[in-house]
Amino acid sequence: MGKKGKKEKKGRGAEKTAAKMEKKVSKRSRKEEEDLEALIAHFQALDARKTRIVETPCSPPSPRLNASLSAHPEKEELILFGGEYFNGQKTFVYNELYVYNIRKDAWTKVEIPNPPPRRCAHQAVVVPQGGGQLWIFGGEFASPDGEHFYHYRDLWVLHLATRTWEQVRDYIYYNDLYAFNLDAFTWSRLSPSGTGPTPRSGCQMTVTAQGSIVIYGGYSKQRVRKDVDRGTQHSDMFLLKAEEGREGRWAWTRVNPSGAKPTPRSGFSVAVAPNHQTLLFGGVCDDEEDESLEGHFLSDLHFYDPVRNRWFAGQLKGPKVEKRRRRRGRRGEPGDSSKQELKGTRAQEPLQVARELVAEDGTVATVQQGLAARGPAGQPESDDSDDGPSEAAVPAVEPSARSSAMLAVKHGRLYLYGGMFEAGDRQVTLSDLYCLDLHKMEEWTVLVEMDPESQEWLEETDSEEDSDEVKGAEGGGESEEDEDSGEEAREQRPSAAPGEPFADSLPRTEQ
């Protein structure tokens with residue numbers, strides 16, 4: 001009898017311990033969220049000091065990813081907003097606004113009173129109403145140590161003509177489909193017929209010339225056994241189309257395109273070409289094992305033609321170089337053979353230059369670039385033959401493999417900015433800018449160069465960060481350490497844009 005009572009007492013003790021632990025975890029989560037909200041409020045107080053519009057010519061923006069890059073609907077401009085940067089120890093989140101003048105090849109930093117809070121991985125779209133509007137929805141804010149995240153569900157509009165920010169309304173975002181009326185400023189929930197995409201994050205949406213919406217790819221996780229999740233990189237495609245004769249009614253259709261389909265990936269970037277084809281660039285493919293994950297970064301370009309329902313690989317023709325005609329009368333000159341022999345030693349095939357980034361764990365990431373062979377004066381070598389002038393293709397410099405880059409199309413030119421790739425535990429955030437003429441499809445033009453090896457990277461330390469070191473201008477303030485934070489050093493958080501296209505490519509604190 002006594003033993004039975006002792007067992008019951010022991011059982012009740014375990015229940016009480018579990019209840020206390022649950023209460024402690026709940027309290028800790030509330031404190032972490034309160035700390036993030038306090039930090040966001042601090043930065044908003046700093047932004048509130050801005051009372052007038054200031055436009056300052058500047059150098060290209062600092063490295064970042066998960067920002068938004070949008071083409072102005074009327075002017076020769078690109079608009080860059082927000083983003084994040086991680087230097088190995090600290091996460092910086094921005095709400096800076098930059099304008100890139102395409103014709104002048106010049107950057108301007110625009111400071112506007114009452115901007116949205118600092119964020120990354122938000123959604124952005126530009127519409128021509130009212131002289132041009134940039135709409136910003138959602139996104140996330142990360143604590144400086146990258147351990148905790150605050151997810152926004154607010155909606156903002158930047159009136160480009162008057163340079164003013166406006167917060168439209170706040171609402172709860174469910175994993176449903178909604179439409180926003182730009183005239184009435186109202187949301188409506190859509191209930192399409194048919195079978196749509198399975199739940200996922202990081203899918204990309206583009207609009208066809210007929211007004212339909214194409215949804216491609218994404219990422220999701222499934223539990224395969226206790227404490228083990230398996231990620232799925234989706235490569236399926238769906239068409240959301242308005243039903244004929246039924247105003248306000250939509251229908252899902254599963255699309256199975258033909259052609260050279262992109263390999264499964266996440267973190268890719270999309271834009272719409274002038275011929276209403278959808279552009280897809282880069283991304284990362286995760287190679288998952290039970291307790292390890294390795295990302296393979298990509299730099300390929302693909303086009304989707306919704307009319308023919310077909311994928312095409314973006315093949316570049318390369319720059320064309322005219323061969324020079326040898327002047328007559330020099331073939332038999334003295335010393336000509338020795339000159340030819342010397343020239344033969346200089347003649348080179350197109351070069352493949354590789355830069356290696358070595359992480360602390362010994363992992364090496366190689367960034368390859370194709371360069372034209374150079375002559376003694378720094379010019380591409382040409383063939384001095386007696387044949388008439390002809391043209392030959394020469395490989396050109398191309399963007400390195402990356403994910404979470406920003407794309408925009410203006411006047412038939414594709415602009416690619418920033419993004420990231422990984423070298424072991426090191427995350428390299430890019431700030432280069434490339435341009436590609438989509439009509440010629442010959443070569444990428446480098447507008448802003450960046451040497452990945454020049455990026456600062458700080459290794460993690462076991463010392464606690466000073467919570468008072470809040471850098472308002474950089475967006476990298478420190479939050480107070482929790483009393484129970486004696487856990488393992490944090491694992492690098494996977495950056496995502498928009499939503500989470502990077503999709504937990506490394507372990508991440510879940511909300």
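**Exercise 1.** In this predicted model, find the ring that the charged end of Arg-119 sits over.

*Solution.* The ring is that of Tyr-152, and the charged end of Arg-119 is 4.0 Å from its centre. A second arginine, Arg-118, lies over the face of Phe-43, at 4.3 Å from the ring centre.

**Exercise 2.** State how many aromatic pairs there are, then classify the pair Tyr-216 and Phe-268 and place it in the chain.

*Solution.* The count comes to 19 aromatic pairs. For Tyr-216 and Phe-268 the ring centres are 5.5 Å apart and the planes stand at 55 degrees, so the pair is tilted. Tyr-216 belongs to strand β13 (residues 213–225), while Phe-268 is in the loop between β16 (258–259) and β17 (269–272); the pair therefore ties together parts that are 52 residues apart in sequence. Tyr-216 is buried, at a relative accessible area of 8%, and Phe-268 is buried at 3%.

**Exercise 3.** Classify the pair Phe-238 and Trp-252, and decide whether Trp-252 is buried or exposed.

*Solution.* The centres of the two rings, Phe-238 and Trp-252, are 6.3 Å apart; their planes are at 85 degrees, so the pair is edge-to-face. Phe-238 lies in strand β14 (residues 228–242) and Trp-252 in strand β15 (residues 250–255), so parts 14 residues apart in sequence are tied together. Trp-252 has 15% relative accessibility and counts as buried, because buried means under 20%. Phe-238 is also buried, with a relative accessible area of 4%.

**Exercise 4.** Which residues form one aromatic cluster with Trp-135?

*Solution.* Tyr-178, Phe-180, Phe-185 and Trp-187 form the cluster together with Trp-135.

Definitions and conventions:
Residues are numbered from 1 along each chain as its sequence is written. This is a predicted model: local features need pLDDT of at least 70, side-chain atom pairs count only at pLDDT 80 or more; totals for chains, interfaces and linings use all residues. Side-chain values use heavy atoms; hydrogens and water are left out. Rings of Phe, Tyr and Trp (its six-membered ring) pair if their centres lie within 6.5 Å; planes under 30 degrees apart count as stacked, over 60 as edge-to-face and the rest as tilted. Helices (H or I, at least four residues) and strands (E, at least two) are DSSP runs, numbered from the N terminus. Buried means under 20% relative accessible area, exposed over 50%, partly exposed in between (1.4 Å probe, protein chains only). A charge sits over a ring if NZ of Lys or CZ of Arg is within 6 Å of the ring centre and within 35 degrees of the ring normal.
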